[in-house]
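Subject: Structure for you to look at

Hello,

Here is the structure I promised to pass on. Please open it alongside this note and follow the residues as you read.

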Amino acid sequence: MLRAADTIAKTDTGRQRRDNEDRVFARPPVFVVADGMGGAQAGEVAARIAVEAFKDGLSGSGTTEQRLATRAREANRQIFDVASTQQDRAGMGTTLTAAYLDGSELAIAHVGDSRAYMFRDGSLRRLTQDHSLVDELVRRGKLSEEEAAEHPQRSIITRALGPEPSVEVDTWTYPVRAGDVLLLCSDGLTSMVSEEHVEEILAGSRPLEDAAQALIDEANRAGGRDNITVVLVRLEEVETAADGTGEQPTSVTAPATGPAVADAPAGATGEPDGGRDGASRPAEKRRAPAAAPAAAAGVATLDRPSPEAAAAPKHRRRYSKPLAVLLAVLIVLCLIAAGGYLASRQLYFIGTNSQGIVTVYRGLPYDLPAGIQLYETFYVSGVPASMIPSDRRSALLNNSLRSESSATNTVRQLELGRITK
C-alpha cells in the first residue's frame with residue numbers, strides 16, 4: 001500500500017496578472033488544481049467551486065474514476081448555474097485536474113489544460129491530454145510542438161467546467177510505486193517552462209518544497225504571463241497493520257502566495273468516469289423461412305386442369321410486359337442517381353458542425369425531405385468558428401462549392417493561425 005509521504009502545494013500570481021484565479025486543494029489522498037477564467041470576479045469563483053466539490057471526499061458507489069467524474073460534473077453544474085443567474089459572472093469557467101491515490105493506483109479526472117505528470121526514475125511522463133485547440137492540432141499531426149509554442153491561438157481551450165450545462169470528463173487510472181512523484185500544475189507553469197526543464201528541476205532538487213519553488217521561480221523568470229500553481233506529492237510504501245489498515249499521508253505545505261489550499265477532511269474515497277456511456281445495440285433479428293407446404297397425398301388427376309391453373313398463364317402474360325417496363329425505368333433512374341452521387345463526391349464546401357467547429361463537407365449543401373442529406377463530413381478542423389474574424393467568417397463559411405484541395409488548404413491556413421484578418 002502506498003501513501004503520500006510528502007505533499008507540497010504552492011501558487012503564485014505571476015508577473016503579468018494582478019489577481020490569482022488559480023485554486024488548489026491538497027489533502028491526501030485527494031489533490032486538485034483548478035485554473036479559473038472569466039475575470040477576477042468570476043474565474044476565481046469558478047475555480048473555488050471546482051476544488052470545493054472535492055472537500056468532502058469521494059463517497060458513493062462506483063469505481064474511483066466514476067466517483068471523481070461525478071464530483072467534476074457536480075462542480076460543472078454549480079458553476080453553470082451561477083454563471084446563468086449572475087450577469088457579472090456570465091461565461092465563467094475553470095479547468096480541473098484532480099487525482100486520488102487509491103492503494104497502489106492513481107486515478108485522475110481531467111477537463112481543460114491544467115496537467116498531471118508522473119516523475120519516476122529521473123523521467124517525466126505526462127498523464128493528461130490538454131483540451132485545447134493547439135494540442136488537438138498537435139495530436140492530429142497538423143502542428144509541430146515548436147509551431148504550437150508560438151501559435152496565436154495557443155491559449156484557447158476547447159473544454160472547461162462551467163460554460164455548458166454538461167461536460168465530458170476524461171479519466172484514467174495509472175499504477176504507481178514507491179518513489180514516484182506526482183506533479184499537478186496549471187498552464188502558468190507549462191506555458192513558460194518546457195517539460196524537459198521541468199524534468200531537470202525535479203531531478204536536481206531533493207526536497208519537494210525546493211523543487212516546487214524552483215518551478216515557480218523558473219516560470220516567473222521566463223515571463224510569468226499567467227498564475228502559476230504547483231502540487232508535488234512523493235509516494236512511499238507503508239506497512240499494513242494486522243487489521244488491514246495503514247497510515248495515510250503525512251505533511252501538507254500551503255501555498256507560498258495567493259489563495260490558501262482549500263481545507264477539507266482527510267480520508268476521502270474517490271471516483272471518475274472511465275469513458276462514455278454507450279448503449280449496446282441489440283442483435284439483429286432474422287426471420288426464419290416459412291416451412292414448405294406438405295405435398296398433397298394421392299395421385300394427381302390428368303383429366304382437366306382446374307380453373308385456377310387454366311387462368312394462371314393468362315395472368316402472367318397480362319402483367320409480364322408492364323413489370324418489365326417498370327423494372328427498366330427503375331434501373332435507368334438508379335443509374336442516373338448513382339452518376340449524380342458519384343459526381344457530387346468530387347465537390348466540397350466549408351461550414352460548421354453542431355458544435356460550431358469549422359468542418360469540411362463532401363457533397364452538396366442540401367437536405368432532402370425525410371432527413372436525407374446530400375453531403376457527409378470529410379474533415380473536422382478543431383477550429384471554433386467564433387475564432388474567425390467576423391469580416392472573414394461569412395466569406396469562408398458560405399457553403400460555396402470547392403475542390404478538395406481548395407477546401408482543405410483553406411482550413412489548413414485557419415489551423416495555422418494565418419487567417420487572422
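Helices and strands here are DSSP runs, numbered from the N terminus; a helix has at least four residues and a strand at least two. On that basis, R3 sits in strand β1, residues 2–12. One caution before the rest: this is a predicted model.

Start with that residue. R3 is buried, at 13% relative accessible area. The cut-off for buried is under 20%. R3 also has a partner far along the chain: its C-alpha lies 7.6 Å from that of L101, although 98 residues separate the two in sequence.

A second contact of this kind involves E404. This residue belongs to helix α10, which covers 404–415. E404 counts as partly exposed, with 38% relative accessibility. Its C-alpha is 7.3 Å from the C-alpha of Q346, and the two are 58 residues apart in sequence.

Next, the salt bridges. Side chains of opposite charge can pair when their charged atoms come close. The count for this model is 17 salt bridges. Three are worth a look.

- D180 with R120. The closest N and O atoms are 2.6 Å apart. D180 is in the loop between β9 (170–175) and β10 (181–185), and R120 is in strand β7 (115–120), so the pair ties together parts that are 60 residues apart in sequence. Are the two partners buried or partly exposed? D180 is buried, at 1% relative accessible area. R120 is partly exposed, at 28%.

- R126 with E195. Here the closest N and O atoms are 3.1 Å apart. R126 lies in strand β8 (123–126) and E195 in helix α6 (195–204), so this bridge links parts that are 69 residues apart in sequence. R126 is partly exposed, at 27% relative accessibility. E195 is partly exposed too, at 30%.

- E168 with R159. The closest N and O atoms are 4.0 Å apart. E168 is partly exposed, with a relative accessible area of 31%.

There is also a network. Salt bridges with shared partners join R115, R126, D130, D135 and E195. R126 and E195 are thus named twice in this email: as a pair and as members of the network.

Now the second largest pocket. Its volume is about 800 Å³. The lining has 25 residues, and the closest to the pocket centre are I157, T158, R159, Q355 and I357. R159 is the residue that bridges to E168. Which elements supply at least two lining residues each? They are α3 (133–139) and β15 (372–384). β15 gives the most, with three residues. By class, the lining holds ten nonpolar, eight polar and seven charged residues.

Last, the surface. V325, L326, V329, L330 and L333 make a nonpolar patch of about 440 Å². L330 is in helix α8, residues 307–344. Its relative accessible area is 42%, so L330 is partly exposed.

When you go through the model, I would take the salt bridges before the pocket. R159 then serves as the link, since it appears in a bridge with E168 and among the residues closest to the pocket centre.

Best wishes

Note on methods
Residues numbered from 1 in each chain as written. Predicted model: local features only at pLDDT ≥ 70, side-chain atom pairs only at ≥ 80, totals over all residues. Heavy atoms only, no water. 1 Å grid on protein atoms, 1.4 Å probe; cavity = no way out; pocket = protein on both sides within 12 Å on 5 of 7 lines; lining within 4 Å. Points joined across faces, edges and corners; volume = space filled by probe spheres on them. Nonpolar A, V, L, I, M, F, W, Y, C, P; charged D, E, K, R; others polar. Patch = residues over 30% accessible without salt bridge, like charges linked within 9 Å, V, L, I, M, F, W, Y side chains within 5 Å. Areas by Shrake-Rupley, 256 points an atom, 1.4 Å probe, with all protein chains shown as cover. Salt bridge = Lys/Arg side-chain N within 4 Å of Asp/Glu carboxyl O. Buried < 20%, exposed > 50% of the residue type's maximum accessible area, 1.4 Å probe, protein only.
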